[in-house]
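User: Please take a close look at one single part of this model and describe, step by step, how the elements around that part are arranged. I would like the cut-offs behind each term as you go.

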Amino acid sequence: MSDSPNLALIRRLYESGMAPEVTSEVMAPDLVWDITPGFPNSGVYHGWDSAARDFFGEMMPKYESFGAVPEEFYADDDHVFVYGHYHAETKTGNTADVRFIHLWTLRDGKAVSMRQAADSHILQEALKG
């Protein structure tokens, strides 16, 4: 079975490692980036520029490496669900593997929303020196 166009689009985003040329093509101007409470830099960000600057820009300096590893993709009309885990290594040398689920909403071939649920406690513990 082949991927739906929306699933293929989101799969491409993860496979690219959120490469700028892909995010600029995939993210809608009115994107809502919703990070679960308790997660580092949690909150709701409006627009990819804000998510990149205010979420990732503030969060990534705390890590030697941080990445989302998708394990399963599911699509239903204009929604794509991604189950996976984050793998992180902090600047202090701690590591963490944290499960997540991302719910993407797409419209006209663009991502308009990403809602995240993740085990924020494990990541917060890893950030402690």
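Analyst: Strand β1 is joined to strand β6 (residues 110-118) by four bridges, and the two run parallel; strands here are DSSP runs of E with at least two residues, helices are runs of H or I with at least four, and both are numbered from the N terminus. The model is predicted, so local features need pLDDT of at least 70 and side-chain atom pairs count only at pLDDT 80 or more, whereas totals for chains, interfaces and linings use all residues. Residues are numbered from 1 along each chain as its sequence is written, and side-chain values use heavy atoms, with hydrogens and water left out.

Within the pairing of β1 and β6, D34 has R115 of β6 as its bridge partner. β1 itself spans residues 27-35 and is also joined by four bridges to β2, this time antiparallel, with G43 in β2 as the bridge partner of I35. Both pairings belong to an open, mixed sheet of six strands in the order β2-β1-β6-β5-β4-β3, where two strands pair if DSSP finds at least two bridges between them. β2 (43-46) and β3 (63-76) are its edge strands, each pairing on one side only, and neighbouring strands are turned by 20° against each other on average, direction ignored.

Helix α3 (residues 48-59) lies across β1, β2 and β3 and runs at about 35° to β1; axes are lines fitted to C-alpha atoms, for helices over the stretch in contact, and angles run from 0 to 180 degrees between N-to-C directions. In α3, W48, S50, A51, F55 and M59 are buried (under 20% relative accessible area; exposed is over 50% and partly exposed in between, with a 1.4 Å probe and protein chains only). Seen down the axis of α3, these buried residues fall within an arc of 150°, so they line one face of the helix, the arc being that of the directions from the helix axis to the C-beta atoms. On the other side of α3, D49 and R53 are exposed. The cover over the buried residues of α3 includes α2 (20-26), β1, β2 and β3, contact meaning heavy atoms within 4.5 Å.
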